Amino acid sequence: MDDMVGASSAICAVFDKIAKVATTEMPVLLTGETGTGKELTAQAIHARSVRKQGPFVPINCAAIPETLLESELFGHERGAFTGAVQQKRGKLEAAGGGTLFLDEVGDLLPSLQVKLLRFLQGGTFERVGGQETLHVDTRVIAATNVDLKAAIGQNRFREDLYYRLGVLHIHLPPLRDRGGDALLMAMVFLQQAVATTHKAVRGFSAQAIDALRMHSWPGNVRELSNRVRRAVVMSEGEEITGQDLDLDGEDRHATDSLDSLRAAHQRIETELLVKALTLHRGNMSRIARDLQVSRSTLYRKLKQYGLEKITLALTQPIATTKARRKPVGISDTGKNSSMMTKECSVGTPLESASQVSS
Ligand SMILES: Nc1ncnc2c1ncn2[C@@H]1O[C@H](COP(=O)(O)OP(=O)(O)OP(=O)(O)O)[C@@H](O)[C@H]1O
Ligand SMILES: [Mg+2]
């Protein structure tokens with residue numbers, strides 16, 4: 001639940017918002033492309049709220065047939081419809097004292113939008129077929145990957161509900177807008193996958209790092225996670241190769257065909273840093289020694305490339321799958337673990353790469 005990884009300014013802004021909205025009881029609207037972490041964000045908000053001991057109940061409005069959704073959400077009384085042989089509590093009630101995560105809220109039928117709005121305004125509702133007005137203390141976090149403003153324009157979504165839900169709004173940026181986060185996450189996912197498969201994979205080849213950096217990730221974090229887990233299974237050596245990742249270049253970022261000298265230099269430095277961070281699990285002394293730079297130069301470079309928080313992710317103990325990690329970016333401490341048992345070398349001193357910089 002607390003597994004949000006990221007160090008880019010875009011995701012750090014999200015972490016800040018999560019911390020802020022978690023202290024309130026108001027509804028939250030999460031928007032973002034598929035796989036950007038909306039559900040994980042909802043869980044993170046719940047886990048940081050006063051409701052954390054209560055239930056977190058997800059319901060996907062798009063995955064449930066329209067005819068069943070009202071009863072799933074609000075419950076029904078016995079005999080409310082054919083097959084309603086006994087009274088049933090809905091997800092809204094099940095989430096009492098906790099949080100209801102209303103996924104794909106844009107798919108809610110207009111009649112249910114009215115019912116939801118009424119609940120958000122007064123905390124009351126009726127079960128399907130019920131006369132009694134019920135009250136439940138449930139916080140609602142809604143998510144959508146469709147443009148609700150456009151849906152309002154087409155009269156498919158109520159404007160009043162939109163404003164009620166979206167007082168607190170968090171937009172999850174696509175992975176392609178999160179700078180070095182794809183690499184950072186790739187390393188974390190790699191360590192997680194290695195811990196569960198017991199393979200001897202230790203890092204990514206330079207070519208694989210290039211592929212990770214260049215891909216535009218239309219499926220966002222979910223795609224990245226799946227690619228890395230698959231690559232670990234497919235890999236035969238100590239490094240994940242470009243082939244293992246199977247990123248064929250179709251979805252590459254549009255970039256200039258020729259790197260400037262400065263851009264090439266920065267690319268090489270980033271690659272070396274990422275490689276060293278992976279190999280040495282964020283152990284700064286070893287990294288500095290391997291790259292033949294002082295620790296202060298190392299910290300400066302990590303900051304320059306937005307990688308300084310990477311160590312938090314890498315030094316969390318994830319040798320067992322049960323281990324819980326704090327989100328990088330929200331977490332405040334990162335203790336060095338002694339996971340690294342074998343000395344290894346990145347090979348190229350950073351200073352020799354730095355010589356081309358101006
Ligand atoms: N910041 C993050 N750090 C680590 N893992 C993440 C992060 N964001 C998302 N993930 C992982 O990516 C996958 C997709 O996340 P999630 O299901 O929350 O996305 P979503 O926005 O709800 O997607 P969809 O719109 O398709 O439902 C999950 O496995 C989740 O754990
Ligand atoms: Mg989701």
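**Notebook: helices, cores and ring pairs**

I started with helix α8, which has 17 residues and reaches 24 Å from its first C-alpha to its last, close to the 24 Å expected at 1.5 Å a residue. I note here that the model is predicted.

I then looked up how much of α8 is covered. Of its 17 residues, 14 are buried, so α8 is largely enclosed by the rest of the structure. I also checked what comes after the helix: His 198 follows α8, and its phi is positive, near 60°.

**Whole chain**

I took the overall counts next. The protein chain has 16 helices and nine strands. It holds 358 residues, of which 51% are buried. The chain exposes about 17300 Å², and carbon and sulfur atoms supply 50% of that area. Among contacts with a separation of 6 or more, I find that 74% join residues 24 or more positions apart.

**Nonpolar cores**

Which residues touch the most other members of the largest nonpolar core? I find Phe 204, Leu 224 and Leu 298, in a core of 43 residues. I listed the elements that give two or more residues to this core: α8 (181–197), α9 (206–214), α10 (220–234), α12 (261–279), α13 (284–291) and α14 (295–304). The largest share comes from α8, with 11 residues. I compared this core with the domain bounds as well. Domain 2 (178–198 + 207–255) and domain 3 (258–358) each supply at least three of its residues.

I picked Leu 298 for a closer look. With neighbours within four places in sequence left aside, Leu 298 is in contact with Leu 273, Met 284, Ile 287, Ala 288, Leu 291 and Val 293.

I also found a second, separate core, which has 31 residues. Its members include Cys 61, Leu 100, Leu 148 and Phe 157.

**Helix α2**

I turned to helix α2 (residues 38–48) and asked how many of its 11 residues are buried. The count is eight, so α2 is largely enclosed by the rest of the structure. I wrote the buried residues down: Lys 38, Thr 41, Ala 42, Gln 43, Ala 44, Ile 45, His 46 and Ala 47. What do the buried residues of α2 pack against? I find α1 (9–21), together with the strands β1 (28–31), β2 (56–60), β3 (99–103), β6 (139–144) and β7 (168–171).

**Aromatic pairs**

I searched the whole structure for aromatic pairs and got four. For the pair of Phe 74 and Phe 125, the ring centres are 6.0 Å apart and the planes are at 40°; with stacked reserved for planes under 30 degrees apart and edge-to-face for those over 60, the pair is therefore tilted. This pair links distant parts of the chain, since Phe 74 is in helix α3 (residues 66–74) and Phe 125 is in strand β4 (residues 124–125), 51 residues apart.

I checked whether these two are buried or exposed. Phe 74 has 1% relative accessibility and so counts as buried. Phe 125 also counts as buried, because its relative accessibility is 1%.

I then looked at Phe 119 and Phe 125. They form an edge-to-face pair, with 6.3 Å centre to centre and 75° between the planes. Phe 119 is buried, as is Phe 125. I closed the entry with the grouping of these rings: ring pairs link Phe 74, Phe 119 and Phe 125 into a cluster.

Definitions and conventions:
Residues numbered from 1 in each chain as written. Chains lettered and ligands numbered in written order. Predicted model: local features only at pLDDT ≥ 70, side-chain atom pairs only at ≥ 80, totals over all residues. Heavy atoms only, no water. Core = buried A, V, L, I, M, F, W, Y, C linked by side-chain atoms within 4.5 Å. Buried < 20%, exposed > 50% of the residue type's maximum accessible area, 1.4 Å probe, protein only. Helix = DSSP H or I, 4+ residues; strand = E, 2+ residues; numbered from the N terminus. Domains from an automatic or database assignment. Contact = heavy atoms within 4.5 Å. Expected span 1.5 Å × (residues − 1). Areas by Shrake-Rupley, 256 points an atom, 1.4 Å probe, with all protein chains shown as cover. Phe/Tyr/Trp six-rings, centres within 6.5 Å; stacked < 30°, edge-to-face > 60°.
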